[in-house]
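Colleague: I should be grateful for a close look at one part of this model, namely the place where the two chains meet. Please also relate that part to what lies around it.

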There are 2 protein chains.
Amino acid sequence: MTDLTAQERLRDAGLRPTRQRCALADLLYAHGHRHATAEMLYEECLVAGIPVSLATIYNTLHQFRDVGLLRDVSVGGTKTYFDTNISDHHHFYNESDGRLIDIPDGLIDVLGVPEAPDGKMITRVDVVVQVREKK
Amino acid sequence: MTDLTAQERLRDAGLRPTRQRCALADLLYAHGHRHATAEMLYEECLVAGIPVSLATIYNTLHQFRDVGLLRDVSVGGTKTYFDTNISDHHHFYNESDGRLIDIPDGLIDVLGVPEAPDGKMITRVDVVVQVREKK
DNA sequence: ATTTGTGCAAATCGTTTGCATCTGA
DNA sequence: TCAGATGCAAACGATTTGCACAAAT
């Protein structure tokens, strides 16, 4: 049952399986990987009749990210996407409609990344391949 | 003279060399390459006694970008940086202080970028190397 | 004279916060 | 019970917009 899975997932991550967290986990993980924004999930909750506030969705997404259930992807500027695929991979970003598309893990290889400056360490290397509708 | 250079740069780009555009061009190009936000430039204008509004700075930055004088870099989420270095290069992004550092052109090589999906074309490949203060 | 740019203030968008009220272990 | 979670509404930061006024060709 997806509900049980969601509960387990949350417990395993050390988060209390509350109604709204379970509901959000279901929306996020029930149908394979996805890229979601807070607003998207809010809409889906409204439609599905799940009572939850936008603030809680933001809280929840950040918590999920903090415990490693999600990864955030920032592109284009404004909105923040949350990606249920937490494996090492990169993205196509469609500037026309602001949509993200996964580039499977292992396809892209980044060569020649220099050492981090001064007292800094590299935490992540993100590749964003911007695409546009071909004319 | 920097002022003349700015005027020329603007004329060459097909933009009327108004006071504020010239002033902004000077701030941007007078001292080598830089990464600037609208807010930064606004502050600098205030300090320098250059009368200009934030709205005009946003307009101007977008115009400069549209004619190829600047490139925008979006990282971390919120603010948009404008980079006077329009050559093909990538960036370090310091999550701690939100600062951008250029990675010189040619150092990084991205292998294995797949074809763009369906009727789309690739317009740009951006690599962002996130760094954090080493503990 | 005409076109184009500018400033201001209000509006928007995405996100965060404060705080009183619920809820799950 | 009671720490932790939620909802609401107000606060926020970055950016945009509408419109009257000013400046460039």
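Modeller: A salt bridge here is a side-chain nitrogen of Lys or Arg within 4 Å of a carboxyl oxygen of Asp or Glu. By that criterion, the count between chain A and chain B is zero salt bridges. The model is a predicted one, and the description that follows should be read accordingly.

The contact itself involves 37 residues of chain A and 37 residues of chain B. Between them the chains bury about 3100 Å², with 60% of this area on carbon and sulfur atoms. On the side of chain A, Lys120(A), Met121(A) and Gln130(A) account for 17% of the area buried against chain B, more than any other three residues. Although salt bridges between the two chains number zero, there are 14 residue pairs in polar contact between chain A and chain B, counting pairs with both residues at pLDDT 80 or more.

As to the elements involved, strands S4 (90-94), S5 (99-103), S6 (109-111) and S7 (120-133) of chain A each supply at least two residues of the side that touches chain B. The most is given by S7(A), with 14 residues. By class, the side of chain A that touches chain B comprises 19 nonpolar, nine polar and nine charged residues.

Salt bridges do occur elsewhere: the whole structure has 14 over all chains. In general, side chains of opposite charge can pair when their charged atoms come close. One such pair involves strand S7 of chain A: the side chains of Asp72(A) and Arg124(A) form a salt bridge, at 3.6 Å from N to O. Asp72(A) belongs to strand S2 (residues 71-74) of chain A and Arg124(A) to S7 of chain A, so this pair ties together parts 52 residues apart in sequence. Within chain B, Arg34(B) and Glu44(B) form another, with their closest N and O atoms 2.7 Å apart. Because Arg34(B) lies in the loop between helix H2 (19-29) and strand S1 (35-36) of chain B, and Glu44(B) in helix H3 (residues 38-48) of chain B, the pair ties together parts 10 residues apart in sequence.

A contact within chain A completes the account. The axes of helix H2 (residues 19-29) and helix H3 (residues 38-48) of chain A come within 11 Å and cross at roughly 110°; H2(A) and H3(A) are therefore roughly perpendicular to each other. Leu24(A), Leu27(A) and Leu28(A) of H2(A) meet Leu41(A), Glu44(A) and Cys45(A) of H3(A). This contact has five nonpolar residues, no polar residues and one charged residue.

Technical notes:
Residues numbered from 1 in each chain as written. Chains lettered and ligands numbered in written order. Predicted model: local features only at pLDDT ≥ 70, side-chain atom pairs only at ≥ 80, totals over all residues. Heavy atoms only, no water. Axes fitted to C-alpha atoms, helices over the stretch in contact; angles between N-to-C directions. Helix = DSSP H or I, 4+ residues; strand = E, 2+ residues; numbered from the N terminus. Parallel < 35°, antiparallel > 145°, perpendicular 65-115°, else oblique. Contact = heavy atoms within 4.5 Å. Nonpolar A, V, L, I, M, F, W, Y, C, P; charged D, E, K, R; others polar. Buried area = accessible area lost by both parts, 1.4 Å probe. Polar contact = N/O pair within 3.5 Å; in protein donor to acceptor, adjacent residues only side chain to side chain.
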